[in-house]
Number of protein chains: 2
Amino acid sequence: MCRSSSRSPSRTGGRPRSAAADAAILEATRAALVELGWSKLTMGDVAGRAGVAKTTLYRRWAGKNELVVDAVAVLFDELELPDRGSLLADIEGVVVQFAALLERPETKTALMAVIAESTRDEPLRERIRTSIVERQKRLVLAGRQRAQARGELPDSPASATGTDDLIFDVIAGAVVHRALVSAEPVDAEWVRRFTALLLGGLAAAAQA
Amino acid sequence: MCRSSSRSPSRTGGRPRSAAADAAILEATRAALVELGWSKLTMGDVAGRAGVAKTTLYRRWAGKNELVVDAVAVLFDELELPDRGSLLADIEGVVVQFAALLERPETKTALMAVIAESTRDEPLRERIRTSIVERQKRLVLAGRQRAQARGELPDSPASATGTDDLIFDVIAGAVVHRALVSAEPVDAEWVRRFTALLLGGLAAAAQA
DNA sequence: GCCTTTCGCTACGAGTCGTAGCGTAACCCC
DNA sequence: GGGGTTACGCTACGACTCGTAGCGAAAGGC
């Protein structure tokens, strides 16, 4: 529930910020991303769509970068990991979900843009990490633990430190690269092949 | 040797474009990317650095997107695939090279940005594909053929259609995600683990 | 030597940025 | 219910970038 900017010091009396305005602004931002894309999205346009003054936006967000991160972050909350009975099915399920999210025009145009900006903006990178990346990574952690409970993976893999991070980078990286760089569809056939490749690698690592 | 914009129709007499200006502009663009990053790079600034008029830039490139793609494309020519004796060593070598390229501030800030732009600009996507993506993909093709010659991979893998594409998305995607999204170092330990994972998956696929 | 094209330069309207200042509105606390 | 405090809408502003137009001059092909 992190609010826009850091709002901790001495929250005494005074008019509280409108929660409705927050929702309207974020919704307007997503709409603007769909219609205009990242590069043509302007703060003034978002303010107009949301029915608020431009100054209100700047009171809550430092700029376009932070606003867009918050606007798309909620979309990543939709990602879930239902138990499909096997590690293979679980991986396929999360890959399909993630691919569907990347197909949406809001995320498609915004995700790479904010990551590009974050390469020169450490606070922004941290915001992306906590708002977007960590939420995805939890799915990997949950999937691994579930697979271990099923006995599909060894309980204490040798040198497990960073293994979750590796799996996460492979899954998320491959899907993003397929969808946005290669710009080819993440269809059932691709998902099947990718999952088979990853699962084969995990099995080989478990034997060693 | 594709020149900036499409220059095919009726190239009769007249003053030819300065090749030196082209080189100076692309060099200035890379320098500006290092110092300013993608978002603060302006066409006027690049023109000033290159010692040419701003109008000269617009005569050759449609805008910032196309200019930056051309400026960073040449960096991807440095990628090579020397024979290191085994598929494992070859993969590790290309991963290290690619990671080193992504560590450079020019590519780090530019690559994600132009990909983000390309999601809403089909001609730009095509330019990226031919100038950057295909050059990387060739390394995967060469590595696979070399491994087949060594006998490390079956000569005619079942349903090989799109396998190179899959491997490419996995390798490039994982490295990019590690370096730019997770923003953690692609060190020797990570490369070793990733390569082992990928190689295990390939071996499992070969057995099936 | 003529023709064609590029070049540097200047200037321009349009658009965006981020902020300042003001009067008003909404809420908390006493 | 009155103060005090903060958020809000609105307007206006300087600074900056964009992409283009117009000009005279320069550099090559034929």
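Helices (H or I, at least four residues) and strands (E, at least two) are DSSP runs, numbered from the N terminus. With that in hand, here are the close-ups. This is a predicted model, in which local features need pLDDT of at least 70, side-chain atom pairs count only at pLDDT 80 or more, and totals for chains, interfaces and linings use all residues. Residues are numbered from 1 along each chain as its sequence is written, chains are lettered from A and ligands numbered from 1 in the order in which they are written, and side-chain values use heavy atoms, with hydrogens and water left out.

**View 1. Who sits around DNA strand C?** A residue is near a strand if one of its heavy atoms lies within 4 Å of it. By that rule, 23 residues surround DNA strand C. The closest are Tyr58(A) from one chain, plus Gly14(B), Arg15(B), Thr56(B) and Arg60(B) from the other. Looking at the DNA side, 61% of the strand C atoms within 4 Å of the protein belong to sugar or phosphate, and the rest to bases.

**View 2. The helices beside DNA strand C.** Three helices each supply at least two residues of this surface: α2 (43–50) and α3 (54–60) of chain A, and α3 (54–60) of chain B. The largest share, 4 residues, comes from α3(B). Sorted by class, the surface has 5 nonpolar, 12 polar and 6 charged residues. (Ala, Val, Leu, Ile, Met, Phe, Trp, Tyr, Cys and Pro count as nonpolar, Asp, Glu, Lys and Arg as charged, and the others, Gly among them, as polar.)

**View 3. Polar contacts to DNA strand C.** A polar contact here is a pair of N or O atoms within 3.5 Å. Two reach bases: the side chain of Lys54(A) has an N or O atom 3.1 Å from a base oxygen, and a polar side-chain atom of Thr55(B) lies 3.0 Å from a base nitrogen. Ala53(B) uses a polar backbone atom instead, 3.3 Å from a phosphate oxygen.

**View 4. Over to DNA strand D.** Of the 23 residues around this strand, Gly14(A), Arg15(A), Thr56(A), Arg60(A) and Tyr58(B) come nearest. Sugar and phosphate make up 59% of the strand D atoms that come within 4 Å of the protein. Here α3(A) gives the largest share of the surface, 4 residues.

**View 5. Polar contacts to DNA strand D.** Phosphate oxygens lie 2.7 Å from a side-chain N or O atom of Thr56(A) and 2.6 Å from one of Tyr58(B). Arg59(A) goes for a base: its side chain has an N or O atom 3.2 Å from a base oxygen.

Methods
A polar contact is a pair of N or O atoms within 3.5 Å; within protein, one must be able to donate a hydrogen and the other to accept it, and residues adjacent in sequence count only if both atoms are side-chain atoms.
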